[in-house]
Amino acid sequence: MSTAAGEALAREGNGFRGPLVMAVRSATALLGGYAAAAGSAGLVARVLPVAQVEATMWGIVLSFLIYAALGLWTFAERRIVRVVGVIWGTAALTFGLTVLLGVRA
Amino acid sequence: MSTPMEEQTGLRKAMAWIHTWLGLLAGWILFAMFLTGTASYFRPEITRWMQPELRLPYVAPPRAAETAVAYLQKVGANDDQWTVYLPDDRTTATRIFRRLPPSPEGKQRFVPETRINPETGDTLAARETRGGEHFYRFHFQLQIPHPWGRWLAGLCTIFMLSAIISGVITHKRIFADFFTLRWSKGKRSWLDAHNVCAVLALPYHAMITYTGLITLMVMYMPWPIDVNYKSSDVFYEEAYGRESQGPASGISAPLVPIAPLIETAMREWGGGRASRLVILHPNDQSATITVIRHGGDTLNAHGQSVIFSGSTGERLSASAPPGPAVETAGVMLGLHMGWFADLAMRWVFLLLGLVGTCMVGTGLVMWTVKRAKPGMPFFGYRLVERLNIGAIACLPAGMAAFLLANRLIPAGVPARGALEVEVFYWVWFGLAAVSVVRPVRRAWMETLAIGAMAFAAVPIVNTITTNRGLAASLTSGDGLFVAFDITMIAAAALLAFAAWKCRKPAKAMRPSDTVSFAPQTRELTDAA
């Protein structure tokens, strides 16, 4: 590992683990990640152009992968504002869209 | 702007960090979920072992159904609904659930599970026990009131899934180090053990974790149903076939003989086994008989079903073949439950489950090994150290005590099933609590040794308290009881070996070694 990379690591380390930032990050991963995964799964289920039951099941089956991926990303992305914006934004957007679309007729 | 190299190390560092903390927070529960879940691959067999007074013959589904219906006509001819779980080669008793007509106030009334002899129709008289059901239920409910136990298990499972993904990302580049550094020096560390357990069975770990979430998917993720259906019942109907419903006609009509219907259904499935019957409004003109296929016949654990009229025997309908998504979810469920697996495959699953248990256990121990320093350790360190002993070394002793309690609590004691479960918790948590007064290494050694002795005692106590000891089982060719005794001895040997390994400080645990540990290996997991 080069010295430059090592210094970069040390710098990241400080910003990454501040207690308040960490709390926001964890809450965003756990709750925001779930909300975004649930919203995305719902949207997939609502708009996927296959039979209703199939679209629903694809949404459910994929939701856990989405949750895990989003949850991990909140710890991989350094900029906390971006993390909060993307995760909670995804949740709001996907839930908003499914509400607008309404229950499938 | 950061260079690609920095970005990569940054990502890997973050993943190593989150891997460590996900694993630590969920590890103790995950260890227990892994071990009891592994035991649950043999759920019916454990139940059979725990009721040694029962020796039931195998009875084919059509005949077992006839016996069950004859029994039900005797005790509940006017019931609302009968549900019959037919025996198979693993579960030898027929299990019956009855729904009575609603009470005058309109409340649903049920008769609790009754088990009958599939040949004679007599109700079974055997010691009361939770059997293998105890490990199975604990595995995903953690003995915490509904629904919180299931939510906690789900939370730990999503932690596990995230730990697997972050672990793989962390491990990627280190794969080379794994061979070039460690193996050439012949140095075995906890990290090696953790990596070997994780990498060797990685597909299994990923499969069992993801499919675990699928088993309770509708509870964990109901939103996709809500956006598509006004009532979730419609979703279930579309996914798994229509459950026959509707009121009784009030006109009485005798139920047609059951065996030919089962044979018809089994022919339709190309010889597949019937495993469950739902008979709605028996002895009414509108009666329906739903025959459901065994979940172990196919990878998809959701069995097909055929519905017949109960008064005419006419075939009314059958479940539609599932689409790709429903099939995917059903296969995932099947992979988790392992119903499809034959005996050899079931043992492979058991070994893989044990490898997973070891992965979680070594990961937990690694957290302390990497933070070991000379002098008095900080509070969190000591807490983790003690919780590790309680979660890893004391649980096996509790499981063995549960089996011993089954043989030692007299068969007639009231509520003895719950008593067995209490013994499990008292020994597990009690041992963990008592071990706190011992020095850490002694505590590991002694609790593991107690677990070893408890497992070794199982075949002995079984020989003394029943007439189905190892010698008798060998002569009578009772494969289940022979295998059970051998498994107990193997578990005892494994725990005794672990206890013996604890007698001296492990090399990596010595402070002098630990200091050089991280720089030597240059692994990002060490930095975490």
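The following exercises, with worked solutions, treat a predicted model of two chains, A and B.

Local features are reported at pLDDT of at least 70 and side-chain atom pairs at pLDDT 80 or more, while totals for chains, interfaces and linings use all residues. Residues are numbered from 1 along each chain, chains are lettered from A in the order in which they are written, and side-chain values use heavy atoms, without hydrogens and water.

**Exercise 1. Characterise the interface between chain A and chain B.**

Step 1. Contact means heavy atoms within 4.5 Å. By this criterion, 41 residues of chain A meet 46 residues of chain B.

Step 2. Buried area is the accessible area (1.4 Å probe) that two parts lose on being put together, summed over both. The two chains bury about 3800 Å², 75% of it on carbon and sulfur atoms. In chain A, the residues that lose the most area to chain B are M57(A), F64(A) and L72(A), together 19% of what that side buries.

Step 3. A polar contact is a pair of N or O atoms within 3.5 Å; within protein, one must be able to donate a hydrogen and the other to accept it, and residues adjacent in sequence count only if both atoms are side-chain atoms. Across the interface, 12 residue pairs satisfy this rule, both residues being at pLDDT 80 or more.

Step 4. Helices (H or I, at least four residues) and strands (E, at least two) are DSSP runs, numbered from the N terminus. On the side of chain A that touches chain B, α1 (3–16), α2 (19–47) and α3 (52–76) of chain A each supply at least two residues. The largest share, 19 residues, comes from α3(A).

**Exercise 2. Determine the strand order and edges of the seven-stranded sheet in chain B.**

Step 1. Two strands pair if DSSP finds at least two bridges between them. The open sheet has the order β3-β2-β1-β4-β5-β6-β7 (chain B), with antiparallel pairing.

Step 2. β3 (109–116) and β7 (315–318) of chain B each pair on one side only, and are the edge strands.

Step 3. Three bridges join β6 (residues 305–309) of chain B to β7(B). V306(B) has A318(B) as its bridge partner in β7(B).

**Exercise 3. Locate the backbone features in the loop between α4 and α5 of chain B.**

Step 1. P147(B) lies in the loop between α4 (132–141) and α5 (148–171) of chain B. The peptide bond from H146(B) to P147(B) is cis, with omega near 0 degrees.

Step 2. Q143(B) is found in the loop between α4 and α5 of chain B. Although Q143(B) is not a glycine, its phi is positive, about 55 degrees.
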